[in-house]
Every structure is written in structure tokens, then in C-alpha cells.
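Student: I would like to learn how to read the features of a structure model. Could you take me through one?

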Amino acid sequence: MIELDLDAVAVTYPGVPPVPALRPTSLQIRAGELVGVVGSSGSGKSTLLNVLGLLEHSTAGVYRVRGVDTAVLTERGRTALRGVQFGFVFQAHHLLADRTARENVELPLLYRKVPARLRRRAAVQALRRVGLGHRLDALPGTLSGGERQRANIARALVQQPRVLLCDEPTGALDSASSEDMVGLLQGLNQDGLTVVVVTHEQWIAARLPRRLRMQDGVVVEERPDGVTPGERTDGVTTGGRP
Amino acid sequence: MSRSVVGTRSRTRRATREALAELAIPLPRMRVVDVLREASLSAVRAPARTLLNALGTILGVAAIVSIMGLSGTARGAVSDSFDVLRVTQVTFVDSEQDRTVGRDGRAAGSSLTLRAQESVAGLNGVVDAGLFWQFADGRPQPVRRFRTQGPADLSTPSLPLNVASARALTTNRAVVVQGRLFDAGMEDRHARVGVLGVVAARSLGVTRVDRGPVVYVRDTPITVVGVVGDVQISGTMLNALTLPTTTAEDLGLDGEREIIVRTAPGAAQTIAGQGPFAISPLAPGRVTALAPPDSSLLRNQVQSSLTSLLLALALIALAIGVVAITNVTLLAVMQRRSEIGLRRAMGAAPRHIALLVLTEAAATGTIGGFAGASLGTLTVAVVAAAKGWPPVLDPMVLVAAPLLGTLAGVLAGAYPARKATRITPIEALQR
């Protein structure tokens, strides 16, 4: 099943001259895929992720989520789809400093009218799933970098999204914590979650079954052997487990 | 808004609903209890920010409560002053007084006499009443210190000549600094006595009265029995020689008479109505009462002016408070862009963000309202204690103050809330 489908989607920022952040890209991501997006700074990785997560509007092309054209959605509709379909893991954890780990993880459920009791239960389950069951009432300031990032993932998982979008999830972690993080993401993917990971670290990308390389706003599919075949003439990259 | 735009929006909403239904995704919604909980958590967990936010409200509401309380307290004090000094005084004059002096020295046609004075004094509600007038409308008259005055009368001092009954001196609350006042007995005996005002005594060179100094009015010796240092009504007495009414009549010193009456608080209007009948039963119309305006009317006028002025000040204070809270709330929203963007990324609709900011501002305003009401009450109590006034504070002000704080919070939060809705989720990722 095609989960996310970009059809000649492009993002151009206004300016003189206009800045193409994402050149016309066609890309399909199937349900249950684990996709890595690699590239240097400014190559358009984050823009691609923002478009996928409905955080940013494309300026051209068609973007479909499970076959539904997102262009027909109002802002409230995009918010609804974003809130349920996607979980976001940011490089900076963006945990609220004055809320405990459990309260932070509960936040996404506030906007789905979930009763407090069920929110608490879901938050506890999500934190246990990422191995933070013992730090439920800890404030972010008392958590280690790795623990914060796990809480970040728990917050993304609590609403049971279909797709997890991770923007440099290991960017602020040491190598041991980064290793744990990759293992965690692989485990979540094995549980059926679609995961898209933006990273600039080659060793992480090398462990992901499907890799997309970005360069100057162009998406190029990498073969499993690490060889970059170059951009296809039709600009279409299709995914699926290799 | 044109019909086509409305139609397009309606179609867009329908398309959104259909698309979300296809994906089995509900529109984002938030429970009211969760809005309140989030707002209160944000307020409680960041006490420094809350205090800073509430400071404008605290000062604004405290200013209002203080102003309302102090105006009430001051009004009470002002009213007391009016009751004591102004609304207890009535003056009667004879509008048809014939100032032609008869052979016996009496003004032939005045209805204001010692007998009339006693009639008025007998009215229920009268504390004291006295007959009083100024000879020659208060123009200074020669008053010699000795029977013969030097080679010429160039150095003869001139003084206004006041005439008062013994009761008029007490009605005037004359304060004796030397000697004594003349009394009703002296008045009855047509005694040639008088009292000098403290200024007049100085100009005549009278420094002691224990030896009965004599001054001469129209060559008639007048024994000075006392010196008056202060009076409450007829201030001219301080610079004058005041003679008993009988003595003045003997000397042909008449003038425009008046009976000064001091009444019990609240009785002035009644006495003003009854007095003319007591003074001149056959022709009450010729007697005019000069009473102050009705005390309640006067009080209301003063209170109204005072309240208007102070209310204007209070509103200015509130406006300053609202502007201050708006600024601080706006600053807080800008500082929390990342948090707001994050909430948007996690599914919060712009209206949820606006609701959160508004509710938090209202909660902060309410807290500020309570604190401001307490501070204002304390201010009123301290100032009243320092002035020796009984503190007066309408309980409704204390009830309304926190509500005012809430209202100020909502007003002040409106603009920042609008700004907050424009923060995009992408901002959370970029920081």
C-alpha cells in the first residue's frame, strides 16, 4: 500500500531570484518502510520532511496521503491529518521544561479529546515502550540527552501515528545513545510503523534498508549496495523493502 | 463577503470533511477542562512568568481598589466636615429692615431683636442663636485709647464696630485669649463693655485686660473685658471692637442685623423653614433664611464630583494595566514560539492556541485581580489609619476586583492570542 505519494512536488521560496529548496520530486513510500534521507546541509532534506509531514506547503505538484490529495484540505484539515497520521521526532527534543516526561508525552492527545485517564495510560505505555517507564515524573532538565530523545519518540508514538518522521534524531546524542536510537527506530519499524529518518550520518543511513540521497534539492535513490545510480530521467523513485 | 467566496469555502470544507472521512481521521478538538488545565499548569509551573504577567493587573486593580476605597473614606471625612461646619448653620436677615434709627437708638423697623433671638433659640433642633450686626457695614470708626487724643486726632486708630448679643459670642464659638466675654447680665444692664479682637487689641496697644482698660467710642468709655483670639463664623470680630446689642443701641450704632443660628446636624433645613415664623409671626415673609443647600444634596454633589474624578483616574490606571499586560503577554508569546509551534505540529488548531493564550491571560488576570484587591485594601487601611479616618470600602468593589482582573486579562490577551495563531508549526523545527 502506498502510504505517501509525491508527484512532481516542488518547494520554491520567494525571492530574487526564487530559491528552489525542493526540485520537482516524485516519490512513493509504502506502508511499513524504513527510509533514510541523507545529504549535506542545505540539500533540502528537512524541506522534504516538512512537506511529507504537512508542516510546509508545496508550491507545485500533488501530494497524496493514502491516496487522498492533500491540496483539498483546509488548514484545519491539514492539522487533523498531521496530528493523527504523523509523529515527529525533532533533533532538539522540544520537551516543555515545566512538564514531566509523562505530561509532555500526553500533549498530542489533548487535541483529540482523549480523557485524562486514558491520556495518562497511553503516555505511560509509550514511555515504557521506549524504555523510560522509570522516569515518568522526571522533568526534562533531569533527563540525559538519550532519555530526552526517547521521551521525544514516546511523544511521537503516543497518538499511534502511521508514519514517524525523524529529523536528525541522533544529532545531539553520543555514539552509544545514537546506536540505541537507531535500534529503537528499527524495532518500531519491525512493529509495522513507517519510519522516515533524515540524517547526515552515513553509518546510520547504511543500516537502513532504503536510502534517498538529496543534493541541491534533488532526490536520488541509492541502491542497497550503497551505489548511487544518479537521478532517473523520469525523476520517479519507488520504494518498498529491498 | 461575496457569495462566490462563501460558496468556495463551503465546498473546501466539504471536500476536507470527505477527505478526512475517507482516512477515518476526526477534526482536532479540545475539551474545555483540558484548556483550563493547560492554562493553569502553564501559570503555576512558571511562577516568575506568571508574576511578571500578573504585575500589570496587580498594580491596575490595586490602584482601582485603593482609589475607590480612599475616595469612599475621604468622602466620609468630607461629609463629616460639611455636617459640622456648614450644614449646621443658618442665618436670618430682615429683608425689610428700616435702618432709620429712632430717638432711642433702635432701628425702627427691624424684626431681628433679642426677643426674636430667644424665640429662635427655643426652636427644637437649635443649638444656639445670636443677634449680630456690623455698624456702618463694617467701615472703620474712630476708637480712641484715651479721652483726649494728642494735639490732633491724626493718630486716632479706626476700627470696625461689631455688635453681638452675648449668645452670638457663644454661637460664634469665640475663643477668649485674655479676660472674658460679656454675658447676658451685662447686656441686660446696658453695661458699657466690649471685647476686642486680637488684631484690634494690638493696634490699640491693649496688652492686658485685667486692669479694665478703657477705649472711647463717640466719647463714651467702653471697658474692654476680654480679647478674642478666634471665632468660627464672623471672622471680622478679630479686627473689631464688639459691643453688646443694648450698648450699641444706646449709642445709636445700628446696622444690617442678622440672627446667626447653629443647629443640630440635619436640622438646618427645618430651622430655616420655621425660623421666620418664630422671628416675625405676623409677617414671616420679610425674614429670609440663608441656609446652606440641603446636606444630602451638597454631599451628593461633592461625592459625585469626587467620584467622577477618581473614577477617571482609576480607569486610566486600568488602561495602563491592560497595556502593560498586553506587552508582557505578547513578550511571553514570542518567547514561547517554539512551544506554540510544537503544539501546532502535534495537532493543535490555531483556535486551540488562541484559547490557551486567552485562558492563561484570563487566569493570570484573575490571580492579579485577587492580589491587587488585597494590596488595594491594605493601602486603604494604611492610609485611613495614618489620617485617622474610618476606612470605607464597598464590599462590591472587592467582589468586582478579581472579575475586573479577569476582564483585563482577556482584553490584554486578545492581541497576543491573535498573534499566537499565526505561529506556524515549522517554527518549532527551525529553532
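**A covered helix, and then the spaces**

Tutor: Happily! Keep in mind that this is a predicted model. Let's begin with the surroundings of one helix: H4 (116–129) and H5 of chain A, together with H2 and H11 of chain B, are among the elements that cover the buried residues of H3(A).

Student: How many residues of helix H3 of chain A are buried?

Tutor: The helix spans residues 101–110, and 10 of its 10 residues are buried, so by the cut-off of under 20% relative accessible area it is mostly covered. Charged side chains are on the list too: A:Arg102, A:Glu103 and A:Glu106 are among the buried residues of H3(A).

Student: Now the empty spaces. How does one look for them?

Tutor: The general idea is that rolling a probe the size of a water molecule over the atoms shows where empty space is left. In this model the count comes to six cavities of 30 Å³ or more. The largest cavity holds about 220 Å³ of space. It is lined by 20 residues, and those closest to its centre are B:Val333, B:Arg336, B:Leu356, B:Val357 and B:Glu360.

Student: Which elements give two or more residues to the lining of the largest cavity?

Tutor: They are helices of chain B: H2 (32–45), H3 (47–86), H10 (295–335), H11 (337–345) and H12 (350–387). H12(B) contributes the most, with seven residues. Sorted by class, the lining has eight nonpolar, seven polar and five charged residues.

Student: What is the volume of the second largest cavity, and which residues line it?

Tutor: Its volume is about 50 Å³. The lining takes in residues of chain A, including A:Phe86, A:Phe88, A:Phe90 and A:Arg155, and also B:Ala345 and B:Met346. Strand S6 (86–89) and helix H5 (145–157) of chain A each give two or more residues to this lining, and S6(A) gives the most, with three. By class, the second largest cavity is lined by six nonpolar, two polar and one charged residues.

Student: Phenylalanines turn up there. How should I read their rings?

Tutor: Look at the distance between ring centres and the angle between planes. A:Phe86 and A:Phe88 make a tilted pair, 6.4 Å centre to centre with 40 degrees between the planes. A:Phe88 also pairs with A:Phe90, and here the rings are stacked, at 6.0 Å and 5 degrees. These ring pairs link A:Phe86, A:Phe88 and A:Phe90 into a cluster.

Student: Are A:Phe88 and A:Phe90 buried or exposed?

Tutor: Both A:Phe88 and A:Phe90 are buried, and A:Phe86 is buried as well. For another kind of ring contact, go to chain B, where the charged end of B:Arg257 sits over the ring of B:Trp133, 4.1 Å from its centre.

Student: And the backbone? What should catch my eye?

Tutor: Most residues other than glycine have a negative phi, and most peptide bonds are trans. Here, a cis peptide bond joins A:Val16 and A:Pro17, with omega about -5 degrees. A:Pro17 belongs to the loop between strands S1 (2–13) and S2 (19–30) of chain A.

Student: Where do A:Lys113 and A:Asp216 lie?

Tutor: A:Lys113, with phi near 55 degrees, is in the loop between H3 and H4 of chain A. A:Asp216, whose phi is about 50 degrees, is in the loop between strands S9 (210–215) and S10 (218–222) of chain A. A:Lys113 is partly exposed at 41% relative accessible area, whereas A:Asp216 counts as exposed at 56%.

Conventions
Residues are numbered from 1 along each chain as its sequence is written. Chains are lettered from A and ligands numbered from 1 in the order in which they are written. This is a predicted model: local features need pLDDT of at least 70, side-chain atom pairs count only at pLDDT 80 or more; totals for chains, interfaces and linings use all residues. Side-chain values use heavy atoms; hydrogens and water are left out. On a 1 Å grid over the protein atoms alone, a cavity is a set of points where a 1.4 Å probe fits but cannot get out, and a pocket is an open set with protein on both sides within 12 Å along at least five of seven lines; lining residues have an atom within 4 Å of a point. Grid points are joined across faces, edges and corners, and a volume is the space filled by probe spheres set on the points. Helices (H or I, at least four residues) and strands (E, at least two) are DSSP runs, numbered from the N terminus. Ala, Val, Leu, Ile, Met, Phe, Trp, Tyr, Cys and Pro count as nonpolar, Asp, Glu, Lys and Arg as charged, and the others, Gly among them, as polar. Buried means under 20% relative accessible area, exposed over 50%, partly exposed in between (1.4 Å probe, protein chains only). Contact means heavy atoms within 4.5 Å. Rings of Phe, Tyr and Trp (its six-membered ring) pair if their centres lie within 6.5 Å; planes under 30 degrees apart count as stacked, over 60 as edge-to-face and the rest as tilted. A charge sits over a ring if NZ of Lys or CZ of Arg is within 6 Å of the ring centre and within 35 degrees of the ring normal.
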